[in-house]
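Hello,

I am passing a structure on to you, and I hope you enjoy exploring it. Please open it first, then read my notes beside it.

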Amino acid sequence: MSKFNNFRSKLADGLEIPNDALSDNFNLRMHGNKKVIIENHLGLTIYENDKVGIKTVKNNILVKGSKFKIEEINDYKVIIKGDIDEIIFDKKE
Amino acid sequence: MFIFKLVSLLRGYVIIRLKTNNCEKTLNLLRKNGIRMWDVEKRESDVKLKISYEDYEKYKHIIEKAKIETVSKKGLVFTLKKLKVRKGFAAGLFILLICLYVLSSLVWNVEVVGVNDITEKNVIKLLEQNNITTPISHSSIKPKKIETMLYNNFDEFKFVEVYVEGSNLIIFIREKKPEKAEIEGSEPSSIISDKNAIITKIIAKSGQPMVKEGDVVYEGQTLVMGMVKNKNSEEFMMVPSDGIIYGKIYHNFELKEEKSKNMETSTDNSKNVYYLQINDDSIKIIGDKKPFENYNYRESTIKIPIISDLFHITLKKCTYYEQVMKTVEIDENTANNKMKVNMYDDLLEVCGKDAKTLTSSLNFSEDDSFYYLRAQIEIVESIGEKVKLSSMPETVNDETEEERMED
């Protein structure tokens with residue numbers, strides 16, 4: 001599965017098309033330190049006012065900060081708003 | 001996101017509250033079922049979030065299973081549902097909207113701009129004759145057709161523009177200026193002087209000359225009379241006068257120019273003041289009212305989309321440019337040249353096109369505060385002006401009339 005995902009990722013790079021269109025890799029975008037948009041996620045792991053955990057295919061993402069509010073969440077993307085201090089990527093075991 | 005929230009407001013949304021300790025699990029459950037959630041807020045003991053009314057109805061069973069509390073339902077859908085009960089109010093609102101639409105699609109007033117009252121009445125009368133009477137719908141007004149109709153019926157109109165502004169039909173008219181009545185070649189006329197002058201040349205081609213070379217004539221004095229004696233009889237007859245009359249005219253000028261002038265010069269400083277303009281009233285919102293003691297002023301209007309059209313509210317930006325008074329010394333040469341130019345400008349205004357300068361004497365002088373120019377210009381030009389002669393109506397004696405009556 002992982003090898004196939006890597007292949008799809010490389011193919012997307014070769015064809016110069018967005019990576020998340022072919023592979024299961026997540027797409028993370030930040031607007032300053034106030035907003036983070038994560039696409040291709042698998043759900044929430046933690047939701048507190050000072051930290052939000054998001055599960056993706058390869059990693060678990062932990063966003064730390066304060067005053068967190070989920071602006072939008074659906075099957076494809078999650079938008080987190082607040083004062084972001086750090087983002088930690090944990091490799092799934 | 002703003003558009004999405006606006007659409008949600010129209011389509012309706014539900015605010016729900018999760019009271020479980022493991023809110024992440026519930027959120028993931030809802031997400032897996034394709035429910036879109038927004039404004040998720042974690043509070044001390046619960047999580048508040050919004051979902052669309054559509055999703056709420058679709059997954060009601062899941063929401064009930066997950067022990068989720070519904071806080072409130074908001075949006076246009078719910079407001080309209082309430083209206084179902086208040087049928088009278090709904091009907092009134094519907095009638096109001098219909099009335100508003102119908103009334104605003106009619107023209108209620110015809111405004112004629114740029115002409116006097118009599119012409120205005122005539123224009124309105126013509127419109128009425130062509131079945132253009134208020135109230136009339138916007139669609140039945142054909143501006144080009146009305147313009148053509150007005151051009152055809154009023155020869156004195158130079159420019160006509162017809163347009164609809166709100167519920168007014170505006171007819172903007174510019175009239176032709178009355179042309180100076182020209183004297184036809186065959187009409188009896190005399191030539192009079194249009195200036196005070198000394199006659200230098202007079203050639204009367206037709207008519208009786210009344211003055212000779214060297215005579216001093218005054219404005220309005222007859223130079224060539226359009227009445228000559230008939231050769232065959234003793235009677236006078238009226239003829240069209242024609243001739244060339246030149247006169248010598250002296251123009252005297254006295255001009256003065258200040259040696260030093262206080263002039264306003266602008267600095268680089270400028271400040272903006274913003275006003276909110278509601279109809280004719282304006283309210284200052286940003287900046288000092290008059291930021292400089294001496295200033296130049298420029299204003300521009302900024303229209304706010306939709307709001308300006310609906311409520312006549314606009315934003316007015318006024319820019320004040322600082323002006324400083326400075327004393328400027330003017331040198332003699334510049335002042336003399338300026339006075340000379342001004343003098344010739346004045347001379348051109350009073351002279352005819354065929355005028356020729358014979359002599360000119362210019363005397364420049366000065367005192368402590370002024371430069372002076374005293375000038376006398378001698379000019380030769382045509383001074384004749386044709387005036388129409390009209391025969392006096394024959395007076396009938398009362399006696400002869402009485403005799404006729406007796407007969």
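Below is what I found, chain by chain and then where the chains meet.

Please keep in mind that this is a predicted model. For chain A the mean pLDDT is 87, and 95% of the residues reach 70 or more. Within that chain, confidence is highest in strand β2 (residues 35-39) of chain A, at 94, and lowest in helix α2 (residues 19-22) of chain A, at a mean of 76. As a general rule, predicted coordinates should not be read in detail where pLDDT is low.

Chain A is a good place to start. It has 2 helices and 6 strands, and if you walk along from the N terminus you meet them in the order α-α-β-β-β-β-β-β. The chain has 93 residues, of which 22% count as buried. If you take its contacts between residues at least 6 apart in sequence, 28% of them join residues at least 24 apart.

Now to chain B, where strand β18 (residues 260-278) caught my eye. Is this strand mostly buried or in the open? Of its 19 residues, the number buried is 1, so β18(B) lies largely in the open. β18(B) pairs with strand β21 (residues 313-329) of chain B in the antiparallel sense, over 16 bridges, and there you can find Ser266(B) opposite Gln323(B). β18(B) is also antiparallel to strand β19 (residues 281-286) of chain B, with 5 bridges between them; in this pair, Gln277(B) has Ser282(B) as its bridge partner. The hairpin of β18(B) and β19(B) has 2 residues between the strands, and Asn279(B) takes a positive phi near 50° there.

Chain B also holds an open sheet of 4 strands, in the order β12-β14-β10-β24, with antiparallel pairing. Its edge strands, β12 (208-209) and β24 (384-388) of chain B, each pair on one side only. Strand β10 (residues 189-193) of chain B is joined to β24(B) by 5 bridges, and Ile191(B) stands opposite Lys386(B).

Finally, how many residues does each chain bring to the contact? Chain A gives 14 residues and chain B gives 14 residues. On the chain A side, β3 (43-47) and β5 (59-73) each supply at least two residues, and that side divides into 5 nonpolar, 4 polar and 5 charged residues. Strand pairing crosses between the chains as well: β5(A) runs antiparallel to strand β2 (residues 37-42) of chain B over 3 bridges. To see this pairing, look for Ile73(A), which stands opposite Met37(B).

Happy exploring!

Conventions:
Residues are numbered from 1 along each chain as its sequence is written. Chains are lettered from A and ligands numbered from 1 in the order in which they are written. This is a predicted model: local features need pLDDT of at least 70, side-chain atom pairs count only at pLDDT 80 or more; totals for chains, interfaces and linings use all residues. Two residues are in contact if their C-beta atoms, placed from the backbone, lie within 7 Å. Ala, Val, Leu, Ile, Met, Phe, Trp, Tyr, Cys and Pro count as nonpolar, Asp, Glu, Lys and Arg as charged, and the others, Gly among them, as polar. Two strands pair if DSSP finds at least two bridges between them. pLDDT is the predictor's confidence in each residue, from 0 to 100. A residue is buried if 20 or more other C-beta atoms lie within 10 Å of its own, exposed if 12 or fewer, and partly exposed in between; C-beta atoms are placed from the backbone.
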